[in-house]
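Here is a friendly walk through one protein chain, written for someone who likes to check geometry against coordinates. Please keep the viewer open as you read.

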Amino acid sequence: MKRRDNPQRSPRRQPGDVKPKKALGQHFLTDESVAERIAATLEPWRGLPVLEVGPGMGVLTKYLLEQSHDVRVAEIDTESIDYLNRHYPDLKGRIIEGDFLRLDLAEVYPEGQKFCVIGNYPYNISSQIFFHILDYRDQVTVCSGMLQKEVAERLAAPAGTKARGILSVLLQAWYDVRYLFTVDETVFNPPPKVKSGVIIMTRNEVTDLGCDEGLFKTVVKATFGQRRKTIRNSLRSLLPPAAPLPDSPLLAMRPEQLSVEQFVELTRQIEQSRAQVTP
């Protein structure tokens with residue numbers, strides 16, 4: 001019997017292609033139209049330099065270069081680096097060899113230079129990538145790309161939704177986050193077990209939260225760390241024994257119900273309660 005081709009099967013590797021490595025969370029995008037759509041998310045920021053995270057075999061890089069972006073790429077996989085050097089001469093001197101999570105982006109783009117970040121982000125470190133980007137929020141004007149659908153939805157989740165979490169609030173304090181579209185698992189090699197989602201984050205106009213930023217992060221993490229409890233029960237540990245809990249209706253809510261502004265107000269209330277205790 002003649003074997004029928006499966007149209008959803010990922011294409012076989014060609015000679016010279018990079019072998020996907022499970023340890024690096026590599027799933028290479030094979031659908032050119034999806035890559036083109038992702039690259040197009042940065043079209044309004046054509047004048048800014050672009051840093052691509054984990055380019056692999058350059059399926060997204062190609063379209064960024066075609067759009068005349070000033071592109072640099074950060075890649076940890078030596079096989080991918082060799083491939084990029086062979087096939088993308090325009091990247092000569094623009095490949096940063098190493099772990100993106102360890103990069104000092106202020107050294108890559110010195111003197112406070114603004115830039116964009118984009119990538120088909122490895123699923124296994126996507127949250128760490130966005131925490132790292134937050135550290136450079138005054139330089140990263142826009143960030144877009146693809147990650148696991150569940151995580152992408154979480155980053156964009158508004159207040160009042162179950163998907164909302166720690167990173168949702170911390171990112172949305174500084175960025176406007178939008179979920180753009182879903183990508184089927186069959187357009188990768190090898191196919192992941194989950195669908196992917198593409199998001200875009202655009203820096204908002206906030207320069208100061210209006211509260212202690214370190215305490216803000218602590219409050220967000222403490223409340224979501226016990227998300228089945230009301231905020232009243234979660235925050236008791238953040239106060240000295242003699243400090244009163246704030247008299248606020250926010251304490252009767254659950255963390256996923258709160259907006260960024262309400263978390264800022266809650267942080268201020270914790271600050272005031274701490275101040276009532278004599279050192």
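The report below goes from the whole chain to a handful of individual residues.

**The chain as a whole**

Please keep in mind that this is a predicted model. Ten helices and nine strands make up the secondary structure of the chain. The C-alpha trace extends over about 75 × 55 × 30 Å along its principal axes. Of the 279 residues in the chain, 48% are buried. The exposed surface of the chain comes to about 14500 Å², and 49% of that is supplied by carbon and sulfur atoms.

Contacts and charges add to this overview. If you take the contacts between residues at least 6 apart in sequence, 68% of them join residues at least 24 apart. As for charge, the chain carries 37 positive and 35 negative side chains. The centres of these two sets lie 8 Å apart.

**Cysteines**

How many disulfides does the chain have? The count comes to zero. Cys 116 illustrates this: the nearest cysteine sulfur belongs to Cys 143 and is 9.2 Å away. A disulfide here requires two cysteine sulfur atoms within 2.5 Å, so the 9.2 Å between these sulfurs leaves Cys 116 in no disulfide. Cys 116 is buried, with a relative accessible area of 0%. Cys 211 has a relative accessible area of 14%, and it counts as buried because the cut-off is under 20%.

**Helix α1**

Helix α1 covers residues 32-40, and Ser 33 is found in it. Is Ser 33 buried or partly exposed? Ser 33 has 41% relative accessibility, which lies between the 20% and 50% limits, so it counts as partly exposed. Its side chain makes a polar contact of 2.4 Å with the side chain of Asp 31. Ser 33 and Leu 60 are 27 residues apart along the chain, and their C-alpha atoms are separated by 9.9 Å.

Arg 37 also belongs to helix α1. With a relative accessible area of 47%, Arg 37 is partly exposed. Which residue lies 144 places from Arg 37 in sequence but 9.8 Å from it in space, C-alpha to C-alpha? That residue is Phe 181.

**Ser 248 and its surroundings**

Ser 248 sits in the loop that runs between α9 (231-235) and α10 (260-275). Ser 248 is buried, since its relative accessible area of 8% is under the 20% limit. Leaving aside neighbours within four places in sequence, Ser 248 is in contact with Arg 232 and Gln 269. With Gln 269 there is also a polar contact of 3.3 Å, side chain to side chain. For a pair that is separated in space, take Ser 248 and Gly 165: they are 83 residues apart along the chain, and 22 Å lies between their C-alpha atoms.

**Backbone geometry worth a look**

Most residues other than glycine have a negative phi, and most peptide bonds are trans. Two residues with a positive phi are compared in this table.

| Residue | Phi | Loop | Relative accessibility |
|---|---|---|---|
| Ser 68 | near 65 degrees | between α2 (61-66) and β3 (71-75) | 57% |
| Glu 111 | about 60 degrees | between α4 (105-108) and β5 (115-120) | 84% |

Neither Ser 68 nor Glu 111 is a glycine. Ser 68 counts as exposed because its 57% is over the 50% limit. Glu 111 is likewise exposed, because its relative accessible area of 84% is over 50%.

Where is the cis peptide bond with an omega of about -5 degrees? This bond joins Asn 189 and Pro 190. Pro 190 is found in the loop between β8 (188-189) and β9 (196-203).

Terms used:
Residues numbered from 1 in each chain as written. Predicted model: local features only at pLDDT ≥ 70, side-chain atom pairs only at ≥ 80, totals over all residues. Heavy atoms only, no water. Helix = DSSP H or I, 4+ residues; strand = E, 2+ residues; numbered from the N terminus. Buried < 20%, exposed > 50% of the residue type's maximum accessible area, 1.4 Å probe, protein only. Polar contact = N/O pair within 3.5 Å; in protein donor to acceptor, adjacent residues only side chain to side chain. Contact = heavy atoms within 4.5 Å. Areas by Shrake-Rupley, 256 points an atom, 1.4 Å probe, with all protein chains shown as cover. Lys, Arg positive; Asp, Glu negative; His and termini not counted. Charge placed at Lys NZ, Arg CZ, Asp CG, Glu CD.
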